Amino acid sequence: MTDEVVLRRAVAADAAAAADVYLRSFDAALPTVVRPHTDDDVREYIRDVVVPLRETWVAEADGGGIVGLMVLKEELLSQLYLDPQWRGRGIGDRFVALAKERSPGGLTLWTFQVNKPAHRFYERHGFAAVEFTDGSGNEEGEPDVRYVWRP
């Protein structure tokens with residue numbers, strides 16, 4: 001039996017759970033990447049900036065609370081994080097389909113070069129790597145790659 005998962009716009013009351021998803025996902029997927037902000041800083045940023053000022057979506061599982069987070073800013077897919085226990089259930093696929101629906105002219109995103117599973121995921125959804133950097137342009141100082149999707 002699979003739990004029903006609903007994608008919906010985030011509200012202020014979702015901020016703490018969304019931040020927890022981000023923290024768990026980042027730590028599980030990117031253990032070698034040093035986060036430049038404390039857990040409390042991340043929680044504050046998601047509460048005060050991301051949820052109220054960005055197009056923020058959450059995946060809410062029946063009985064499981066918030067299990068995913070996606071943030072859009074026009075054509076930028078700036079965040080897509082899933083609770084590690086909820087990966088592989090199609091939630092990320094649904095988030096990307098929603099992002100394409102919300103930005104039908106195209107999308108761009110950044111991910112770290114060490115995050116090979118993310119590369120495979122986005123490439124499977126039609127994104128192409130168009131730029132590789134040495135990481136000097138991000139807070140983590142971690143080499144990254146920019147992906148673009150065009151319809």
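**Entry 1: Ala-129**

I count a residue as buried under 20% relative accessible area, as exposed over 50%, and as partly exposed in between. The model I am reading is predicted. I began with Ala-129, which lies in strand β6, residues 128-132. Its relative accessible area is 32%, so I put Ala-129 down as partly exposed. Next I looked up what Ala-129 touches. Leaving out residues up to four places away in sequence, I found Val-145, Arg-146 and Tyr-147. I also took a distance to Thr-108. Ala-129 and Thr-108 are 21 residues apart along the chain, and their C-alpha atoms are separated by 9.7 Å.

**Entry 2: helices α1 and α2**

I turned to the helix pairs. I describe two packed helices by the angle between their axes and the distance between the axes. For α1 and α2 I noted an angle of about 130° and axes 9 Å apart. Angles of 65 to 115 degrees would be roughly perpendicular and those over 145 roughly antiparallel. α1 and α2 are therefore oblique to each other. The crossing of α1 past α2 is right-handed.

Which residues make the contact? From α1 I listed Ala-15, Ala-18, Ala-19, Asp-20, Tyr-22 and Leu-23. From α2 I listed Asp-39, Val-42, Arg-43, Ile-46, Arg-47 and Val-51. I sorted the residues of this α1 and α2 contact into 8 nonpolar, no polar and 4 charged.

**Entry 3: helices α3 and α4**

I did the same for α3, residues 91-102, and α4, residues 116-124. They pack at an angle of about 50°, and their axes are 11 Å apart. α3 and α4 are therefore oblique to each other. α3 passes α4 in a right-handed crossing.

On the α3 side I wrote down Gly-92, Asp-93 and Val-96. In α4 they meet Phe-121, Tyr-122 and Arg-124. The contact of α3 with α4 divides into 3 nonpolar, 1 polar and 2 charged residues.

**Entry 4: aromatic rings**

How many aromatic pairs are there? I count 6. Tyr-22 and Phe-26 form one of them, a tilted pair at 5.8 Å centre to centre with 35° between the planes. Both residues lie in helix α1, residues 15-29. They are 4 residues apart, about one turn of the helix.

Are these two buried or exposed? Tyr-22 has 13% relative accessibility, so I count it as buried. Phe-26 has 1% and therefore counts as buried.

I then followed Phe-26 to Phe-112. Their ring centres are 6.4 Å apart and their planes stand at 85°, so the pair is edge-to-face. The pair links distant parts of the chain. Phe-26 sits in helix α1 and Phe-112 in strand β5, residues 107-112, and the two are 86 residues apart. Phe-112 is buried, as is Phe-26. I closed the entry with the cluster: Tyr-22, Phe-26, Tyr-81 and Phe-112 form one aromatic cluster. Tyr-22 had already come up in the contact of α1 with α2.

**Entry 5: Asp-83**

I looked up Asp-83 in the loop between β4 and α3. Is Asp-83 buried or exposed? At 8% relative accessibility Asp-83 counts as buried, because the cut-off is under 20%. Asp-83 touches Val-21, Arg-24 and Val-67, not counting residues up to four places away in sequence. I also checked Trp-110. Asp-83 and Trp-110 are 27 residues apart along the chain, with 19 Å between their C-alpha atoms.

**Entry 6: two loop residues**

Glu-74 caught my attention for its backbone. Its phi is positive, about 60°, although Glu-74 is not a glycine. I placed Glu-74 in the loop between β3 (65-73) and β4 (76-82). Its relative accessible area is 73%, so Glu-74 is exposed.

Last came Pro-31. I found Pro-31 in the loop between α1 and α2, the latter spanning 39-53. At 63% relative accessibility, Pro-31 counts as exposed. I compared its position with Arg-47, which belongs to α2 and takes part in the contact with α1. Pro-31 and Arg-47 are 16 residues apart in sequence and 24 Å apart in space, C-alpha to C-alpha.

Key
Residues are numbered from 1 along each chain as its sequence is written. This is a predicted model: local features need pLDDT of at least 70, side-chain atom pairs count only at pLDDT 80 or more; totals for chains, interfaces and linings use all residues. Side-chain values use heavy atoms; hydrogens and water are left out. Axes are lines fitted to C-alpha atoms, for helices over the stretch in contact, and angles run from 0 to 180 degrees between N-to-C directions. Angles under 35 degrees count as roughly parallel, over 145 as roughly antiparallel, 65 to 115 as roughly perpendicular and the rest as oblique. A crossing is left-handed if the near helix is turned anticlockwise from the far one by less than a right angle, and right-handed if clockwise. Contact means heavy atoms within 4.5 Å. Ala, Val, Leu, Ile, Met, Phe, Trp, Tyr, Cys and Pro count as nonpolar, Asp, Glu, Lys and Arg as charged, and the others, Gly among them, as polar. Rings of Phe, Tyr and Trp (its six-membered ring) pair if their centres lie within 6.5 Å; planes under 30 degrees apart count as stacked, over 60 as edge-to-face and the rest as tilted. Buried means under 20% relative accessible area, exposed over 50%, partly exposed in between (1.4 Å probe, protein chains only).
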